[in-house]
Amino acid sequence: MWRLWALCTAFMCARGALLPLEVERLRASVGGYAVMNCHLDFPFGNEIPYHLQWDKDGETIFSWYSGDASPRVADRWGGRVRRVGPGAPTENGEAAPSALGGGSVNVSSVRETDAGLYRCLVTFPNRTPPSRNNGTYYYLDVEGGNLIVTPPVNVTVIEGDSAELECLVKSPEWSVQWYREDVSVSALPELAARTSLAPNGSLLLRRAISSDLGRYECRVSAPDGRRQAAAAHLDVHYKAKVVYSPAERHLGYGKPASLDCHFSANPPLTNLRWEKDGFLFDPYNVPGVFYSRNGSLLFNKVDESHEGVYSCTPYNTLGSAGPSAGVRVRVQRPPALAIRPRPLYLARLAGHITLPCVAEPQLAAVPPSLSWARKDGHPLPAGRHTLDGGNLTITDVREEDRGSYVCTLTNEAAAVSAETELVVENVAPRAPHDLRARAEASAVHVQWAADRADLEYQVWWRERSRGEWRTMKILTRGDTHATLRGLRPATPYELRVLAQDQLGDGLFSQPLFVTTPDLEASGMSEASEEVATALPVSEVTEEMEEALEVEGVAELEVRVSIVEEGALVRWEPHVTAERCTVRWFRDEHPRRLLALAHTTHDHLLVGAVEEGGAYWAQVQCAAAWGGASAHVPHYGRLRAAALGVGVAALLLGAAAATAWLLRRRFIRRPVRDKRSR
């Protein structure tokens with residue numbers, strides 16, 4: 001009943017106000033906040049001068065006339081009540097929620113004594129009647145005030161003054177700790193030296209400085225484990241001051257530039273003054289120089305007249321802390337290249353190359369810096385490049401050195417660059433050297449030396465009395481020996497070796513002349529060579545086949561393929577570099593042994609093959625053996641058949657052409673006879 005009586009008394013005391021339809025209840029905790037919404041109802045929807053007033057239990061706590069700079073707030077509510085909603089100033093510049101009316105307020109740092117009935121009253125001083133259907137009623141319930149009686153409120157002080165953030169607790173025996181931006185004040189040495197904790201839990205700050213502003217939180221802990229916290233914001237106002245001033249600035253000639261004044265101000269900046277060489281510098285009287293919104297000087301096109309010593313002095317409502325130190329402005333022309341590299345350079349492998357890049361001399365205190373870099377971001381070759389006066393020299397050129405290189409010339413005003421491309425020339429491999437040969441009656445084993453292990457080789461040979469060259473390709477990359485087979489005894493030969501790599505052919509070696517000995521004078525068994533050497537044709541009887549069979553459990557996988565040089569026999573030995581015996585038979589009954597060879601490789605090239613022949617290769621490596629057959633096509637018959645098909649096609653074409661001509665001739669003759677008639 002007493003609440004209803006209090007409501008009715010409040011309503012009757014409000015002049016021109018209508019009875020409320022309902023009272024909205026709000027809940028807030030101690031140290032929290034409560035937002036009370038109040039919409040403004042203007043006549044015909046047009047805003048006119050009005051007076052906004054908020055009461056609590058019949059006492060005016062907030063009063064504001066439209067057009068006033070700031071509202072009037074009761075002493076106990078100072079810093080805790082402020083307008084929110086459309087048209088109200090915000091602390092962080094963000095827009096207020098659109099659902100809030102123009103008369104809404106926010107009560108922060110709620111205390112237990114803030115509980116009660118609140119009323120929003122809007123009147124129009126220049127209108128009759130002076131009020132409309134405006135006004136909202138709220139009843140605020142305060143909860144959680146079991147530890148903190150009076151929470152801290154937002155405080156604003158001038159730099160150098162003292163500040164107090166109160167936090168009154170119910171029992172002085174409870175623990176009170178203060179935090180700034182969630183960091184304990186005791187953990188900040190510079191701040192802890194100027195603060196102290198009052199007996200009632202409040203935080204006392206001596207000689208506030210600009211860096212002290214921020215959010216402060218009071219955390220209270222009771223022995224029974226209960227905890228409560230409340231926070232407030234400390235704002236420190238100070239004169240506008242310069243925080244950074246460079247000693248020197250370089251501006252590029254003919255380019256736009258800016259000269260900034262690095263300042264800090266709270267309240268915000270209201271004015272900024274520039275001086276040049278000790279005199280007031282007004283951009284409005286200097287062509288091509290303008291003010292920016294933050295007070296910086298903007299030069300549309302820099303020239304030598306802009307050189308000098310500049311200083312700035314910022315101001316706010318509290319004044320200025322003084323001008324900045326002098327900034328020496330120097331106008332510097334952009335660097336230029338006297339010698340530029342060509343667009344393309346060609347270098348040889350293992351050679352050296354110099355890429356020129358020289359800067360034009362300038363009358364400057366600090367000369368421009370010159371640097372080289374690869375455009376793809378890779379570093380310059382370590383240990384193989386030098387810089388001499390801007391020229392880049394690369395020694396021992398390698399394949400990975402190819403690419404684009406950039407020479408950059410930089411000073412304080414600008415940077416210029418020049419780009420070039422380095423192409424590494426494909427260098428043919430060096431010719432084989434130190435050729436040595438060992439001649440037999442029908443074979444020559446040749447060896448040579450090489451500078452690289454990744455090369456392939458071809459052996460060229462011919463009889464000195466004949467001009468036709470024959471070649472043999474070494475199948476294993478890196479092998480530096482070969483055996484020429486099927487040579488004639490007592491015959492002089494000329495040999496050359498050609499090196500090859502992935503880029504192509506290299507150079508021929510110096511010629512080597514060797515003469516095969518006579519067959520009777522050689523005194524050596526050709527079957528003992530490491531190559532397939534032709535043997536006298538002999539039949540293999542059943543006794544010889546049994547002698548050729550080897551006992552063992554391991555079988556080799558043997559493959560035979562016909563190539564241009566003959567028949568290539570391949571197998572897979574069980575032990576690397578194992579000595580193997582290869583026998584080459586004519587595959588008929590009975591088999592005839594044609595050649596015998598010993599080798600440590602996994603392949604052998606046999607030249608004793610004929611067109612249309614059938615052969616059998618047998619390979620024995622220790623206790624393992626295997627065999628494979630091969631058949632050489634009749635290339636002569638194939639060529640003859642192809643020639644016959646071609647001739648027949650030509651004859652058929654000629655016959656068809658003759659028939660077409662005859663048909664055309666006899667068809668036209670009757671037409672002419674009819675016309676003559």
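# Briefing: salt bridges, strand pairing and exposure

Leu 651 is exposed, with a relative accessible area of 59%; here exposed means over 50%, buried under 20%, and partly exposed in between (1.4 Å probe, protein chains only). The model is predicted, so that local features need pLDDT of at least 70 and side-chain atom pairs count only at pLDDT 80 or more, whereas totals for chains, interfaces and linings use all residues. Residues are numbered from 1 along each chain as its sequence is written, and side-chain values use heavy atoms, with hydrogens and water left out.

**Overall composition**

- The protein chain contains five helices and 53 strands, where helices (H or I, at least four residues) and strands (E, at least two) are DSSP runs numbered from the N terminus.
- Of the 677 residues in the protein chain, 39% are buried.
- The protein chain exposes about 38700 Å², of which carbon and sulfur atoms supply 53%; accessible areas come from the Shrake-Rupley method with a 1.4 Å probe, and for residues only the protein chains shown count as cover.
- Among contacts (heavy atoms within 4.5 Å) with a separation of 6 or more in the protein chain, 63% are accounted for by residues 24 or more positions apart.

**Salt bridges**

- The count comes to 33 salt bridges, each being a side-chain nitrogen of Lys or Arg within 4 Å of a carboxyl oxygen of Asp or Glu.
- One of these pairs is Glu 166 with Arg 111, whose closest N and O atoms are 3.0 Å apart.
- Glu 166 lies in the loop between strand E12 (163-165) and strand E13 (168-169), and Arg 111 in the loop between strand E7 (105-107) and strand E8 (116-123), so this pair ties together parts that are 55 residues apart in sequence.
- The two partners fall into separate exposure classes: Glu 166 is partly exposed at a relative accessible area of 27%, while Arg 111 counts as buried at 12% relative accessibility.
- Glu 159 forms a salt bridge with Lys 241, with the closest N and O atoms 3.8 Å apart.
- Because Glu 159 lies in the loop between strand E11 (155-158) and E12, and Lys 241 in strand E19 (residues 227-244), the pair links parts that are 82 residues apart in sequence.
- Both ends of that bridge are partly exposed, Glu 159 at 32% relative accessibility and Lys 241 at 23%.
- Arg 226 and Asp 224 are likewise joined by a salt bridge, their closest N and O atoms being 2.8 Å apart.
- In that pair, Arg 226 is partly exposed, with a relative accessible area of 34%, and Asp 224 is exposed, with 52%.
- Asp 182, Arg 215, Glu 217 and Arg 219 are joined into one network by salt bridges that share partners.

**Pairing of E14, E18 and E19**

- Strand E14 (residues 175-180) pairs with strand E18 (residues 214-221) in the antiparallel sense over six bridges; two strands count as paired if DSSP finds at least two bridges between them.
- Ser 175 has Ser 221 as its bridge partner in E18.
- E18 also runs antiparallel to E19, and eight bridges join the two.
- On that side, Ser 221 has Arg 227 as its bridge partner in E19.
- Five residues lie between the strands in the hairpin of E18 and E19, where Gly 225 takes a positive phi near 95°.

**Surroundings of Ala 230**

- Ala 230 is placed in strand E19 and, at 3% relative accessibility, counts as buried.
- Not counting residues up to four places away in sequence, Ala 230 touches Gly 31, Ile 148, Pro 151, Pro 152, Tyr 216, Glu 217 and Cys 218.
- Tyr 216 is 14 residues from Ala 230 along the chain, and their C-alpha atoms are separated by 8.6 Å.

**A three-stranded open sheet**

- Three strands form an open sheet in the order E21-E26-E25, with antiparallel pairing.
- Its edge strands, each pairing on one side only, are strand E21 (257-259) and strand E25 (289-291).
- From one strand to the next, the twist averages 25°; axes are lines fitted to C-alpha atoms, for helices over the stretch in contact, and angles run from 0 to 180 degrees between N-to-C directions.
- E21 and strand E26 (residues 297-299) pair in the antiparallel sense over three bridges, and Leu 259 has Leu 297 as its bridge partner in E26.

**Nonpolar surface patch**

- Leu 643, Val 647 and Leu 651 make a nonpolar surface patch of about 310 Å².
- Patches are made of residues with over 30% relative accessible area and no salt bridge, like charges being joined within 9 Å and nonpolar side chains (Val, Leu, Ile, Met, Phe, Trp, Tyr) within 5 Å.
- Leu 651 is found in helix H5 (residues 635-676).
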